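Q: Please take me on a close look at how the aromatic rings pair up here, and then at what else holds the surrounding parts together. I work at the bench, so a connected walk through the side chains would suit me best.

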Amino acid sequence: MHHLIFSLRFLLLVVLSVPSLALGASPIQERADRFLKLANAGYQALFRVNSETQWLAVTNVTPEHDAAAEATGKAYAAFNGNPAIISEARDLLVHQNELNELTVRQLKQLLLNAAEGPMMNPDLVAKRVAAETKQASIMNSFEFKLDGHKITANEIDDKLEKSADLGERKAVWEASKESGLALKPNLVTLRDLRNGVAKEMKYPDYFSLEVAAYGMTTDEMLKMLEDWMATLRPLYLQLHT
């Protein structure tokens, strides 16, 4: 009888000291788990399809591959930026003190993903995807030329690495920058569209959105980069002078 009473007391002590074992996950955690199970499954499937299509468009630039890349890009954005996903993630994060750390991180990442193509403004998102596809197509199909003859990106790298002729190196370097002229006309449009989608999710600009993925503000990111430059400058000078 004594041993039975001791065992019951010990069991009660364990249960009281670890309430999560006795009570299980909180209702809000269970809700988040169900939501993330569906959201993650959809994201992973679309991420794969989009990545494969984008790779084809990069490695074999054709109108057909460009069209496929734009279509899957829009589908990818439509899922990530779905207002229902945004609303549920925000609602759950109101109770983040009841959620485990991994869940909170996933919910915040869902909102970052959504900010790349928020479907509260589907027309803006569609224009951004189209502009991204156009810019990538121009860049990946551009033909570099040196003295009127076609030269590949690999050949440019090889000449810049091995040539000791300063005149040739300058000509090769200038040839490598000619793609900028082709990319420039669409660049301002793309900048405005990227800033536009970021503002839909209350970021001041696209740079702020990209920096937020690192858990930093723009001021923190710029300071870190400036600190790196200051730290590396003595080594750079020793290597290059």
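A: Happy to! One cut-off helps before we begin: a residue is called buried when its relative accessible area is under 20%, exposed when that value is over 50%, and partly exposed in between. Please also keep in mind that this is a predicted model.

Let's start with the rings. The structure holds four aromatic pairs. In one of them, the ring centres of Phe47 and Tyr76 are 6.4 Å apart and the planes meet at 55°, so this pair is tilted. Phe47 belongs to helix α3 (residues 27-59) and Tyr76 to helix α4 (residues 63-80), so their pairing ties together parts that are 29 residues apart in sequence. Tyr76 has a relative accessible area of 17%, which is under the 20% cut-off, so Tyr76 is buried. Phe47, at 40%, is partly exposed. Tyr43 joins in as well: ring pairs link Tyr43, Phe47 and Tyr76 into a cluster.

Another pair is formed by Phe142 and Phe144. Here the centres are 5.1 Å apart and the planes stand at 75°, so the arrangement is edge-to-face. Phe144 is buried at 14% relative accessibility, while Phe142 is partly exposed at 24%. Between these two in the numbering comes Glu143, whose side chain meets that of Lys150 in a salt bridge (3.9 Å, N to O). Glu143 is partly exposed at 47%, and Lys150 is exposed at 58%.

Rings can also meet a charge. The charged end of Lys177 sits over the ring of Trp173, 4.1 Å from the ring centre.

Now back to helix α3, this time for its part in the nonpolar interior. The largest nonpolar core has 23 residues, and Phe35, Leu92, Leu99 and Leu107 are those with the most contacts inside it. Helix α3 gives two or more residues to this core, as do α5 (83-93), α6 (101-115) and α11 (206-212). The biggest share comes from α6, with seven residues.

Charged side chains add another kind of link. Side chains of opposite charge can pair when their charged atoms come close. In this model the count comes to 12 salt bridges. One of them joins Glu88 and Arg31, with the closest N and O atoms 2.8 Å apart. Glu88 lies in helix α5 and Arg31 in helix α3, so this bridge ties together parts that are 57 residues apart in sequence. Glu88 counts as buried at 19%, whereas Arg31 is partly exposed at 29%.

Further along the chain, Asp192 forms a salt bridge with Arg191, and their closest N and O atoms are 2.9 Å apart. Asp192 is partly exposed at 42%, and so is Arg191 at 47%. Beyond single pairs, salt bridges with shared partners join Glu116, Arg128, Glu132 and Arg194 into one network.

To finish, let's turn to aromatic residues at the surface. Phe207 and Trp228 are among the members of a nonpolar surface patch, together with Leu222, Leu225, Leu232, Leu235 and Leu239. The patch has about 700 Å² of accessible area. Helix α12 (residues 218-240) gives the most to it, with six residues, and Trp228 lies in that helix.

Note on methods: Residues numbered from 1 in each chain as written. Predicted model: local features only at pLDDT ≥ 70, side-chain atom pairs only at ≥ 80, totals over all residues. Heavy atoms only, no water. Phe/Tyr/Trp six-rings, centres within 6.5 Å; stacked < 30°, edge-to-face > 60°. Helix = DSSP H or I, 4+ residues; strand = E, 2+ residues; numbered from the N terminus. Buried < 20%, exposed > 50% of the residue type's maximum accessible area, 1.4 Å probe, protein only. Lys NZ or Arg CZ within 6 Å of the ring centre and 35° of its normal. Patch = residues over 30% accessible without salt bridge, like charges linked within 9 Å, V, L, I, M, F, W, Y side chains within 5 Å. Areas by Shrake-Rupley, 256 points an atom, 1.4 Å probe, with all protein chains shown as cover. Salt bridge = Lys/Arg side-chain N within 4 Å of Asp/Glu carboxyl O. Core = buried A, V, L, I, M, F, W, Y, C linked by side-chain atoms within 4.5 Å.
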